[in-house]
Each structure stands twice: as C-alpha cells, then as structure tokens.
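Biologist: I am new to this structure. Please walk me through how its parts are arranged.

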Amino acid sequence: MRCAVLKELRHALDLETRPDPIPAEGQLVVELHAAALNRRDYWITQGLYPGIQLPVVLGSDGAGTVLAAGSTEDAGWVGQAVVINPGWDWGEDPRVQSDRFRILGMPDDGTLATHVVVPTEYVAPKPPDYSWHEAAALPLAGVTAYRACCTRGRLESADRVLITGIGGGVATMALMWARSAGAAIAVTSSSPQKIEQAQHLGASAGFLYTDASWPEACLEQFGRPTLIVDGAGGPGYNVLIDLLAPGGRLVNYGATAGAPPKLDLFKVFWKQLDLQGSTMGSPDDFAQMLESVRRQGVRPVIDSVFPLERINDAMERLAGKDHFGKIVIDCGS
Ligand SMILES: NC(=O)c1ccc[n+]([C@@H]2O[C@H](COP(=O)([O-])OP(=O)(O)OC[C@H]3O[C@@H](n4cnc5c(N)ncnc54)[C@H](OP(=O)(O)O)[C@@H]3O)[C@@H](O)[C@H]2O)c1
C-alpha cells in the first residue's frame with residue numbers, strides 16, 4: 001500500500017510504500033478510492049493538537065471498497081462500497097463522547113493512503129448516488145455539521161441561521177443542512193467570492209467578518225439570527241452573542257480564531273441564550289446524517305481534488321485561506 005506519513009511536526013508528509021494490511025477479527029481492510037482533508041490534519045502537522053503520536057498516517061475521511069474481512073461473519077462486507085465513520089468509541093451516552101473517544105487518523109493510521117484498517121462497526125454503505133469524491137468529503141464535516149445544526153441546534157424551517165466562516169468544510173456542510181431544512185440562511189466570510197458562492201448554494205445574505213460594521217449590515221439585511229453555527233470563536237464570539245435573537249441558540253464546534261478574550265455574560269442571561277458546544281457526532285448522529293443525505297439529497301461542496309502523490313500541495317491549500325468546501329484526495333484505486 002501507499003500512504004502519506006507525518007514523521008516530524010512542521011515537516012512535509014512522506015509518501016511511503018508498506019505491505020498491504022491484514023485485518024484482525026472484527027476489522028475490515030478498505031481499499032480507498034478517495035480521502036479528504038480536515039483542519040484537524042493541519043493542526044496535527046503544526047503540533048497544535050492534544051496527544052500527538054508520531055509517525056502516523058493522517059486522514060479521517062475516506063470512501064472505498066472493502067477488500068478483506070478479519071472474521072467470517074463480516075465476509076458479507078467484502079466487495080461493498082463504503083464510507084467510514086471516523087469517530088470511534090463514542091460510548092453509551094448520546095449527549096457526550098466517552099474518555100475513549102478518538103478520531104481516525106491519529107493515533108490510529110488514517111485514510112491518506114490506498115488502504116486503511118477499520119473496525120467493522122465504523123463502515124456504512126456509500127450513498128449510492130454519490131461519487132467517490134463526494135463520499136470521501138462527507139463523513140467528518142458532515143457529521144460535525146449535522147450534530148451542530150440538527151442534534152444540538154434543533155434546526156427547523158422557521159429558523160434564521162447564521163453560519164460563520166463559510167469557506168470551511170464544516171461550514172459548507174452546515175449550509176447544506178440549513179438549506180435542506182428550509183431555513184433562512186446568512187453567512188460570514190473573509191472573501192466576497194465565497195459569499196457569492198454561498199449565495200448560489202442558498203444563502204440569502206452574506207457579510208465580510210473582516211469589516212467591523214458587518215453586524216449592523218446583518219441586522220439591517222437579515223435580522224437577528226435564531227441559530228448561529230460557529231467554528232471560529234475568538235474576539236468575534238461576543239459579536240455573535242450580541243446579534244443572536246432573544247431565546248436563540250449559538251452552537252460552537254471549533255475555535256479557529258482562539259478563545260474569546262471575554263464573555264458578555266449579562267447578554268447571555270438577559271437574552272435567555274443557549275450557548276452550546278458540539279463535537280463530531282455519535283453513531284446515531286452518523287446514521288441519521290446518512291439517512292438525511294438519502295432523503296434530502298444533501299451533497300458536500302468540493303473545493304478541489306489532488307492525487308495522493310500530491311498530498312503536500314493539498315496540505316498547502318488547506319493551510320491557506322482560498323478553499324471553499326472540502327479538499328479531496330484521489331487515492332488512485
Ligand atoms: N468539534 C469538532 O468535532 C470539529 C470538527 C471539525 C472541525 N472542527 C474545528 O472547526 C474549525 C473549522 O474546521 P474545518 O475543517 O471546517 O476548517 P477549514 O475547512 O479549514 O475552514 C476554516 C474556515 O474558518 C474560517 N475562519 C477563519 N478565521 C475566522 C474568523 N475569525 N471568523 C470566522 N471564520 C473564520 C475561514 O472562513 P472564510 O474562508 O470564509 O473566511 C476558513 O475557511 C477548526 O477549528 C476545526 O478544528 C471541530
């Protein structure tokens with residue numbers, strides 16, 4: 001098999017050839033047709049992630065064909081087209097993941113490879129009308145956005161949804177879930193072009209978060225959001241608290257811009273706000289997300305596709321600010 005290995009922090013990934021893996025009992029080997037990148041892969045290369053263990057094959061997202069099963073009872077999977085659920089050992093409580101929870105692609109070797117070993121419980125049939133690239137783009141961003149919008153955010157058609165940093169992989173998926181719910185949607189971005197792209201995908205308004213007057217423009221053109229889905233945090237978090245409609249929900253799944261320097265607590269209690277955190281999703285969230293894809297035809301937004309051999313160019317694009325949606329890796333099989 002071929003794989004992209006991170007051996008040293010802040011260094012390029014090394015492409016290696018290794019013996020093809022053999023599945024143990026309860027495991028499958030998936031021959032990957034495509035993988036996809038997440039900001040997590042970048043954080044790990046920079047040493048900005050807890051518990052880093054090297055060397056490791058990065059990559060949490062993947063779709064492919066099951067090549068081999070470690071147990072006879074799993075033999076029915078062989079030859080099937082699958083997507084991989086990258087959230088492992090969630091545990092029994094649907095409200096929160098267990099201490100054992102981990103994400104495929106560190107410490108376990110991940111999907112930036114031609115083959116990956118996966119416990120059988122973490123594969124699901126690929127959505128039949130998805131391309132391999134779409135199937136690989138879906139899992140991590142899809143389940144994170146699904147849980148943030150639907151499970152935690154209780155998204156409904158009457159909502160006015162604001163999605164921050166629309167260029168992000170999770171943010172574009174949140175746009176898809178909000179659109180499929182029939183909600184009114186506004187977005188923020190650092191780029192006028194990305195706002196335009198979001199408007200083609202169903203947003204009715206968009207604002208440059210780099211322009212300090214954007215909250216006033218939002219109030220004027222869109223009104224107060226009832227649900228905000230945010231992956232940035234940082235100093236802008238208090239602006240979101242200010243904008244949110246009384247009784248509204250602010251669901252945060254990330255902190256790309258760091259921790260907020262202060263919290264405007266008076267507004268939080270006076271406006272009866274729900275400030276929520278959300279991470280990845282439970283196995284039920286993953287199954288419901290796939291069901292929603294099937295029923296509502298939701299599709300991930302693909303920014304670009306790179307062959308595995310050009311993984312470091314793809315990582316460079318992830319590190320920059322130009323992408324809109326998911327960066328997909330073609331694994332070549
Ligand atoms: N909790 C979880 O389970 C989970 C899962 C996935 C991701 N995350 C976290 O969520 C964040 C996004 O992940 P991703 O994979 O979607 O990343 P990504 O595709 O790399 O997107 C990052 C986006 O963040 C936006 N951004 C940057 N600074 C911002 C700011 N000050 N205000 C608003 N938006 C800003 C940018 O949007 P524009 O280009 O439009 O300006 C950028 O495109 C990361 O911090 C990641 O670690 C958490």
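Modeller: Angles under 35 degrees count as roughly parallel, over 145 as roughly antiparallel, 65 to 115 as roughly perpendicular and the rest as oblique. This is a predicted model, where local features need pLDDT of at least 70, side-chain atom pairs count only at pLDDT 80 or more, and totals for chains, interfaces and linings use all residues. Residues are numbered from 1 along each chain as its sequence is written.

Biologist: How are H3 and H9 oriented to each other?

Modeller: Helices (H or I, at least four residues) and strands (E, at least two) are DSSP runs, numbered from the N terminus. Axes are lines fitted to C-alpha atoms, for helices over the stretch in contact, and angles run from 0 to 180 degrees between N-to-C directions. The axes of H3 and helix H9 (residues 283-296) come within 9 Å and cross at roughly 90°. H3 and H9 are therefore roughly perpendicular.

Biologist: Which residues in H9 does H3 meet?

Modeller: Two residues are in contact if their C-beta atoms, placed from the backbone, lie within 7 Å. From H3 come Gly 142, Val 143, Tyr 146, Arg 147 and Thr 151. In H9 they meet Asp 285, Phe 286, Gln 288, Met 289 and Ser 292.

Biologist: Why does the ligand lie between domain 1 and domain 2?

Modeller: Domain bounds come from an automatic or database domain assignment. That assignment gives domain 1 (2-138 + 300-330) and domain 2 (143-277). Both give residues to the shell around the ligand, so the ligand lies between domain 1 and domain 2.

Biologist: Which residues are closest to the ligand?

Modeller: A residue is near a molecule or strand if its C-beta atom, placed from the backbone, lies within 6 Å of it. In this model 32 residues surround the ligand. The elements giving two or more residues to the shell include helix H1 (39-45) and helix H4 (169-181). The closest residues are Gly 165, Gly 167, Gly 168, Ser 189 and Gly 254.

Biologist: How far apart are the C-alpha centres of the domains?

Modeller: The contact takes ten residues from domain 1 and ten residues from domain 2. The C-alpha centres of domain 1 and domain 2 lie apart by 28 Å.

Biologist: Which strands are the edge strands of the open sheet?

Modeller: Two strands pair if DSSP finds at least two bridges between them. The six strands run in the order E13-E12-E11-E14-E15-E16, with parallel pairing. Those pairing on one side only are the edge strands, strand E13 (205-208) and strand E16 (274-277).
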